[in-house]
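Welcome! Here is a short briefing to read alongside the structure, with the main points grouped by topic.

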Amino acid sequence: MERGQRAYKGHCLVLPYPSQGHINPMLQFAKLLSHKGVKVTLVTTRYIHKTMYGSASSCIALDLETISDGYDEAGRGEASIDAYLESFWKEGSKTLAELLEKLSSSGPPVDCVVYDAFMPWPLDVARKFGIAGATFFTQSCAVANIYYHVHKGLLKVPLADDQSLISLPGLPPLDPLDLPSFVYDLEYCPAFYRVVVGQFSNVDKADWVLCNTFYELEEQVVDWLAKFWPLRTVGPTIPSKYLDERLEDDKEYGVNLFKSDNDACIKWLNERPKGSVAYVSFGSAAKLDDEQTKELAWGLRRSKSNFLWVVRASEAAKVPKGFVEETSEKGLVVSWCSQLEVLAHEAVGCFVTHCGWNSTLEALSLGVPMLAMPQWTDQRTNAKFIMDVWKIGITAPSDEKGKVREEVVEHCISEIMEGERGKEMKINALKWKELAKKAADEGGSSDKNIDEFISKLVQ
Ligand code: UDX
């Protein structure tokens, strides 16, 4: 069909991996496309669709469809990751094909399937229908590069016991401990190791490789990877109203898999002085053990700063008894919030974070310095960049048992909130905030890449 005959600039089907850290950036990317005149169908699993709070289509025109992962009624539950992924591959491929069939007969045909890199199989389904495929990385390009080298056998794992610094093109020298946990310790979670390395099984066949980062942030590694793939940086996929306070548009994230206490958070923040609050959150999946949770709690209690601590309902029992009441003068503990709204609030002076890629990019784009407490997966690598490359935070040192002790928590928060180093971090954070905004703004590096992607949807 000729471009001129269409009401839309093309039709994309956007398919995230079903977890919060993957849905957020891909949903936001879907909304950006829609905002620019592309018809977008967001596809979630049936279980996610049933359990999500908020609506992806509440603010902007997105169609919602579902496919099956084989766990429609009760979710993955106790199923192993391997069993879940196999089921998702099998049932997902079948139901995605049915969906494409249905969409081809009922509306504008799908031009491109944008699929989460964690699941390479949608590309095969798209190909059967003669549809283009764009893989979408929800991790940094640095992390993608490390996994890619492992996939190619260019970074040999397991690492030798006496492994010294690791040199990979486009990256600063990395200590073995800076590598993602699945690569550093293969026994840690073999199923996830297969997922992260499997991202590259058919990457050479994808029409596009999209990444939620921006060129200026990862210039060298982007240039390196772009030699092999049609890589385009499209981030930060953060609603523009957060990047520029003057914009009152409606691009909220829109889907939460957790029930939010956001109104209470914002009311509480409104009553705190500017820059006085440490916001503490470990994302949607990381689990601190009892001992670490206790150390963190006592560290927050010792700290001179106020704190807003997100403890997911599943983790709440680990918080020491009496802590919430005892610290209620200066602290608030909630089970979930709208993180962007919190990070954008002027009362927040630092972010104690697990360094998930979304949290990292969100804090960087909103100019908030970080205290990094990485837990697993790509978080150590992100922490390395936060501290040593972008210089917008510090990594909390842990002891020989791997725990960050209460006095360390207290000291690091005070260094960021009040110390000389903190001032430098704040200046750097504001610089990155400007660059992030510029990349996403009209004519910026990411915006141009998105326009290029759209311009090739319908040939
Ligand atoms: C996971 C991995 O852990 C992460 O390392 C990877 O890069 C992406 O997938 P998650 O652990 O959930 O994600 O962390 P993160 O990437 O930071 O994503 C969490 C998302 O939830 C962010 O977009 C954040 O804004 C949102 N969030 C978190 C809230 O909206 N409210 C909260 O209270 C906490």
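In this predicted model, a polar side-chain atom of Asp378 sits 2.4 Å from an oxygen atom of the ligand. On its own the ligand would expose 660 Å², and the protein buries 95% of that area. Three elements each give two or more residues to the shell around the ligand: α1 (20-35), β8 (277-281) and α14 (357-365).

**Around the ligand**

- The ligand is surrounded by 22 residues, and the closest of them are Ser284, Cys337, Ser359, Glu362 and Asp378.
- Asn358 also takes part: an N or O atom in the side chain of Asn358 is 2.8 Å from an oxygen atom of the ligand.
- Trp336 faces a nitrogen atom of the ligand instead, with a polar side-chain atom of Trp336 at 3.5 Å from that nitrogen.
- How do the residues of the shell divide into nonpolar, polar and charged? Six are nonpolar, 14 are polar and two are charged.

**Two domains and the place of the ligand**

- The domain assignment splits the protein into domain 1, made of 2-246 + 442-458, and domain 2, made of 262-436.
- Where does the ligand lie with respect to domain 1 and domain 2? Both domains give residues to the shell around the ligand, so the ligand lies between them.
- Going from one domain to the other, the C-alpha centres of domain 1 and domain 2 are 27 Å apart.

**Where the domains meet**

- On the domain 1 side, 35 residues are in contact with 27 residues of domain 2.
- A common way to give the size of an interface is the accessible area lost when the parts come together.
- For this pair, domain 1 and domain 2 bury about 2,600 Å² between them, and 67% of that area is on carbon and sulfur atoms.
- Within domain 1, the residues that lose the most area to domain 2 are Phe214, Leu217 and Tyr242, which together make up 23% of what that side buries.

**Backbone details to look for in the loops**

- The peptide bond running from Val157 to Pro158 is cis, with omega near -5°. You can find Pro158 in the loop between α5 (141-151) and α6 (181-184).
- Another cis peptide bond joins Gly235 to Pro236, here with omega near 0°. Pro236 belongs to the loop between β7 (231-233) and α9 (240-243).
- Cys355 has a positive phi, near 70°, although Cys355 is a residue other than glycine. Cys355 lies in the loop that runs between β11 (348-353) and α14, and α14 is one of the elements that give two or more residues to the shell around the ligand.

Note on methods. Residues are numbered from 1 along each chain as its sequence is written. This is a predicted model: local features need pLDDT of at least 70, side-chain atom pairs count only at pLDDT 80 or more; totals for chains, interfaces and linings use all residues. Side-chain values use heavy atoms; hydrogens and water are left out. A residue is near a molecule or strand if one of its heavy atoms lies within 4 Å of it. A polar contact is a pair of N or O atoms within 3.5 Å; within protein, one must be able to donate a hydrogen and the other to accept it, and residues adjacent in sequence count only if both atoms are side-chain atoms. Accessible areas come from the Shrake-Rupley method with a 1.4 Å probe; for residues, only the protein chains shown count as cover. Helices (H or I, at least four residues) and strands (E, at least two) are DSSP runs, numbered from the N terminus. Ala, Val, Leu, Ile, Met, Phe, Trp, Tyr, Cys and Pro count as nonpolar, Asp, Glu, Lys and Arg as charged, and the others, Gly among them, as polar. Domain bounds come from an automatic or database domain assignment. Contact means heavy atoms within 4.5 Å. Buried area is the accessible area (1.4 Å probe) that two parts lose on being put together, summed over both.
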